[in-house]
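Got the model open in your viewer? Keep the selection box handy and let's walk through it stop by stop.

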Amino acid sequence: MEALLCSTTFSLKRALYSPPSNQPPQFFLTKISLNRSKKSSHRVQKKASFSHNLPLRISASAQTAPSTEASTSSSVPSEMKAWSYSEYGGVDVLKLESNVAVPEVKEDQVLIKVVAAALNPVDFKRRLGKFQATDSPLPTVPGYDVSGIVVKVGSQVKGLKEGDEVYGDIHEKTLDGPKQFGSLAEYTAVEEKLLALKPKNLDFAQAAGLPLAIETAYEGLERAGFSSGKSILILGGAGGVGSLVIQLAKHVFGASKIAATASTPKLDFLKSLGADLAIDYTKENFEDLPEKFDVVYDSVGQCDRAVKAVKEGGSVVVLTGAVTPPGFRFVVTSNGEILKKLNPFLESGKVKPLIDPKGPFPFDQVKEAFSYLETGRATGKVVIYPIP
């Protein structure tokens with residue numbers, strides 16, 4: 001399976017996103033008047049007439065303060081804006097629709113007023129039709145990562161309430177029947193079990209960039225049997241997943257030694273994340289090192305070389321490319337419990353989110369954001385914010 005997250009590198013100078021303002025964003029909803037179709041709420045409504053009334057204000061903190069006001073179920077509109085595509089293909093198949101039905105909320109779900117979303121390679125690979133055999137029916141509203149405010153709760157939801165600030169990967173199975181309705185919309189419906197409360201010290205844009213990458217990093221370490229006192233080599237340590245593997249291995253799993261590869265300009269960055277040994281892959285071959293490692297985490301597709309750097313009985317986690325034993329590949333399963341477990345490390349600042357310095361991209365520039373991501377030159381998570 002192709003990698004779900006690109007092995008991008010990060011700029012040390014601008015690795016951490018700083019919101020442009022200390023003021024909370026304002027979201028303005030449009031009341032829409034139309035004759036609704038009786039089709040499924042998951043379908044994009046193609047015809048609508050609407051009138052602009054006075055805006056309904058939703059106040060949401062983009063910094064550390066909790067929300068004091070949020071849209072409630074009684075004020076959620078029936079239609080909204082969302083990006084969608086009705087056929088597979090390049091960025092041109094994406095359309096910004098202004099009359100998409102707000103998804104219905106099942107008993108175990110909450111409805112989120114989306115504040116920020118993030119793009120991952122799985123989004124454009126899905127849009128290109130690479131996973132048609134297990135995909136949901138078209139049209140599709142793309143998007144996996146989300147952060148936002150709960151505005152409606154299902155009857156069986158126990159741990160979340162209206163007004164809670166949450167984040168998560170909204171698709172439990174990344175490739176096997178992902179939702180038809182993703183996060184690149186004003187509202188999205190998500191199972192409670194896939195979400196966690198947003199870390200108090202992170203703004204919505206930072207939180208949106210974490211779920212799929214950090215869950216992939218964590219699940220890979222767990223499946224490899226990584227634990228305190230073990231050593232690890234991360235290939236692509238300055239990338240989206242790799243940078244989080246370094247931080248989790250150090251602060252969550254208690255690694256005895258962390259080595260990672262990157263290009264020459266990124267070596268200091270690796271050390272700032274917690275790597276004990278920064279390897280310049282442009283100048284030396286990591287498999288020729290006399291030292292071998294308990295686990296090699298390959299995020300760049302070099303498994304044939306990675307297996308030469310692992311100890312006897314060790315494990316090689318593979319995210320992309322061909323697999324050579326003892327390497328193994330996995331498809332991440334979304335789990336809000338992982339995010340809840342990692343929240344203390346995020347709130348303490350030991351584990352940090354990393355956002356591409358060119359962003360965030362506004363909601364009406366989703367095509368530009370996808371085009372940028374697909375060049376492979378992104379230097380951090382590509383985030384969409386704010387979503388009005």
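Two strands count as paired here if DSSP finds at least two bridges between them. Keep in mind that this is a predicted model.

**Stop one: β5 and β8.** Select residues 109-119 for β5 and bring up β8 alongside; the two strands pair in the antiparallel sense over five bridges. To find your place in the ladder, click Ile112, which sits opposite Thr188 of β8.

Now stay with β8, residues 187-191, and colour by burial. Five of its five residues are buried, so the strand is largely enclosed by the rest of the structure. In a regular strand, side chains alternate between the two faces of the sheet. Which residues of β8 are buried on each side? Tyr187, Ala189 and Glu191 are on one side, Thr188 and Val190 on the other, and both faces are covered.

**Stop two: the open sheet.** Next, select the six strands in the order β12-β11-β10-β13-β14-β15; they form an open sheet with parallel pairing. The edges are β12 (277-280) and β15 (327-329), each with a single partner strand, so one side of each has no neighbour in the sheet. Look along the sheet for the twist: neighbouring strands are turned by 20 degrees against each other on average, direction ignored.

Zoom in on β10 (231-235) and β13 (293-298), a parallel pair joined by four bridges. Leu235 stands opposite Asp298 of β13 there.

**Stop three: the helices on the sheet.** Add α3, residues 211-223. This helix packs on the sheet and touches β10, β13, β14 (310-318) and β15, with its direction at about 145 degrees to that of β13. Then add α4, residues 242-251, which also packs on the sheet; α4 touches β10, β11 (257-262) and β13, and its direction makes about 170 degrees with that of β10.

Hide the strands and look at the helix pair alone. How far apart are the axes of α3 and α4? They lie 9 Å apart, and the helices pack at an angle of about 55 degrees. That angle is neither under 35 degrees nor within 65 to 115, and α3 and α4 are therefore oblique to each other. The crossing is right-handed. For the side chains, show Ala213, Ile214, Ala217, Tyr218 and Leu221 of α3, which meet Leu244, Val245, Leu248 and Ala249 of α4.

**Last stop: zoom out.** The whole protein has eight helices and 16 strands. Of its 388 residues, 57% are buried. Switch on the surface to finish: about 16000 Å² is accessible, and 49% of that belongs to carbon and sulfur atoms.

Notes:
Residues are numbered from 1 along each chain as its sequence is written. This is a predicted model: local features need pLDDT of at least 70, side-chain atom pairs count only at pLDDT 80 or more; totals for chains, interfaces and linings use all residues. Side-chain values use heavy atoms; hydrogens and water are left out. Axes are lines fitted to C-alpha atoms, for helices over the stretch in contact, and angles run from 0 to 180 degrees between N-to-C directions. Contact means heavy atoms within 4.5 Å. Buried means under 20% relative accessible area, exposed over 50%, partly exposed in between (1.4 Å probe, protein chains only). Accessible areas come from the Shrake-Rupley method with a 1.4 Å probe; for residues, only the protein chains shown count as cover. Angles under 35 degrees count as roughly parallel, over 145 as roughly antiparallel, 65 to 115 as roughly perpendicular and the rest as oblique. A crossing is left-handed if the near helix is turned anticlockwise from the far one by less than a right angle, and right-handed if clockwise.
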